[in-house]
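Please open the model in a viewer and keep the sequence panel in view. The tour below proceeds by selection, with a short account of what is found at each stop.

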Amino acid sequence: SSSSSSSLFDMSVSEEDIELDLRKESETRGQRAPNILICGTPGTGKTTVSFVIAERFNLRHLDISKLAIERQLHTEYDSARETYVIDEDKVIDELDDESGINIMGGGYIVDYHSCDFFPERFFDLVIVLHAATQVLWERLEERKYPTTKIQENVEAEIMHVISEEARQSYQEPIVNYFQNNEIEDIDTVVAFVKQWSMDKLGIVL
């Protein structure tokens, strides 16, 4: 149902926030607007980066964790980790639904820590975010994560678990890695997405 879609997408983007309207520019050129996946260990800043990119490039932001809770696309609640376990098949069906989200229509930025269960065809660009161990620990502490859950996530980051997932799941040229420790790092990601988009659409400024 589309009744909850208003809470999924922040429609308050004002014209002056848009740096490059990827949906409009793609349509003008008879192309599908790109879909971008932002992934990384919890605490690497995926949702913040996704929100900024959605705003600057007029993409619709899909937070998969939020979507799974709103549309009940989970299998159970993991009390030890204090998190819902998403039903990956249901999530894929929901994203693929042509009368609903219709991800293949393009113009989405998808935000989720894991990346290996999405069909490869969904995404034109995959961005893996990283953060320094201390930064990650502090961010997760602020979220009131239990210490065991913080340790688990920090270890996953040290072992580059998500990077490895991305490498094995997508063609190498579309996967890109960025550090996201401070606010200026977001500007670096935004600048990269802008250049990538312009190259893809053949825009010369």
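**The largest pocket**

Begin by selecting α3 (46-57), α4 (64-70), β4 (83-86), α7 (147-158) and α8 (161-169), each of which supplies at least two residues of the lining of the largest pocket. Helices (H or I, at least four residues) and strands (E, at least two) are DSSP runs, numbered from the N terminus. The model is a predicted one: local features need pLDDT of at least 70 and side-chain atom pairs count only at pLDDT 80 or more, while totals for chains, interfaces and linings use all residues. Residues are numbered from 1 along each chain as its sequence is written, and side-chain values use heavy atoms, with hydrogens and water left out.

The volume of the largest pocket is about 910 Å³. Now select Pro42, Ser65, Thr83, Tyr112 and His113, which are the closest to its centre of the 33 residues that line the largest pocket. The search runs on a 1 Å grid over the protein atoms alone; a pocket is an open set of points where a 1.4 Å probe fits, with protein on both sides within 12 Å along at least five of seven lines, and lining residues have an atom within 4 Å of a point. Grid points are joined across faces, edges and corners, and the volume is the space filled by probe spheres set on the points.

Colour the lining by class: 11 residues are nonpolar, 11 polar and 11 charged. In this scheme Ala, Val, Leu, Ile, Met, Phe, Trp, Tyr, Cys and Pro count as nonpolar, Asp, Glu, Lys and Arg as charged, and the others, Gly among them, as polar.

**Cys39, Cys115 and Ser114**

How many disulfides does a search of the whole structure find? The number is 0, where a disulfide is a pair of cysteine sulfur atoms within 2.5 Å. Select Cys39 and Cys115: the cysteine sulfur closest to that of Cys39 is in Cys115, and the separation of 4.1 Å is too far for a bond. Cys115 is likewise in no disulfide, with the sulfur of Cys39 as its nearest cysteine sulfur. Cys39 is buried at 0% relative accessibility, and Cys115 is also buried at 0%. Buried means under 20% relative accessible area, exposed over 50% and partly exposed in between (1.4 Å probe, protein chains only).

Move next to Ser114, in the loop between β5 (108-111) and β6 (125-130). Ser114 is buried, with a relative accessible area of 9%. Not counting residues up to four places away in sequence, Ser114 touches Cys39 and Glu165, contact meaning heavy atoms within 4.5 Å. Display the side chains of Ser114 and Glu165 to see a polar contact of 3.0 Å between them. A polar contact is a pair of N or O atoms within 3.5 Å; within protein, one must be able to donate a hydrogen and the other to accept it, and residues adjacent in sequence count only if both atoms are side-chain atoms.

**Ser50 in α3**

Select Ser50, which is placed in helix α3. With a relative accessible area of 0%, Ser50 is buried. Its side chain reaches the backbone oxygen of Lys46 at 2.7 Å. Beyond its neighbours within four places in sequence, Ser50 is in contact with Ile38, His61, Ile109 and Asp111.

**Two residues with positive phi**

Asn58 lies in the loop between α3 and β2 (60-63). Although Asn58 is not a glycine, its phi is positive, at about 50°. Lys144, in the loop between α6 (133-142) and α7, is not a glycine either and has a positive phi of about 65°. Which of the two is buried and which exposed? Asn58 is buried at 17% relative accessible area, whereas Lys144 is exposed at 69%.

**Leu201 and Arg29**

Finish at Leu201, in helix α9 (residues 183-201). Leu201 is buried, with a relative accessible area of 8%. Leaving out residues up to four places away in sequence, Leu201 touches Leu22, Glu25, Ser26, Arg29 and Gln31. Leu201 and Leu22 are 179 residues apart in sequence, yet their C-alpha atoms are 9.0 Å apart.

From that group, select Arg29, in the loop between α2 (22-28) and β1 (36-40). Arg29 is partly exposed, at 34% relative accessibility. Its contacts outside the neighbours within four places in sequence are Leu201 and Ile203. The side chains of Arg29 and Glu25 are joined by a polar contact of 2.7 Å. As a last distance, display the C-alpha atoms of Arg29 and Gln151: these residues are 122 apart along the chain, and the atoms are separated by 47 Å.
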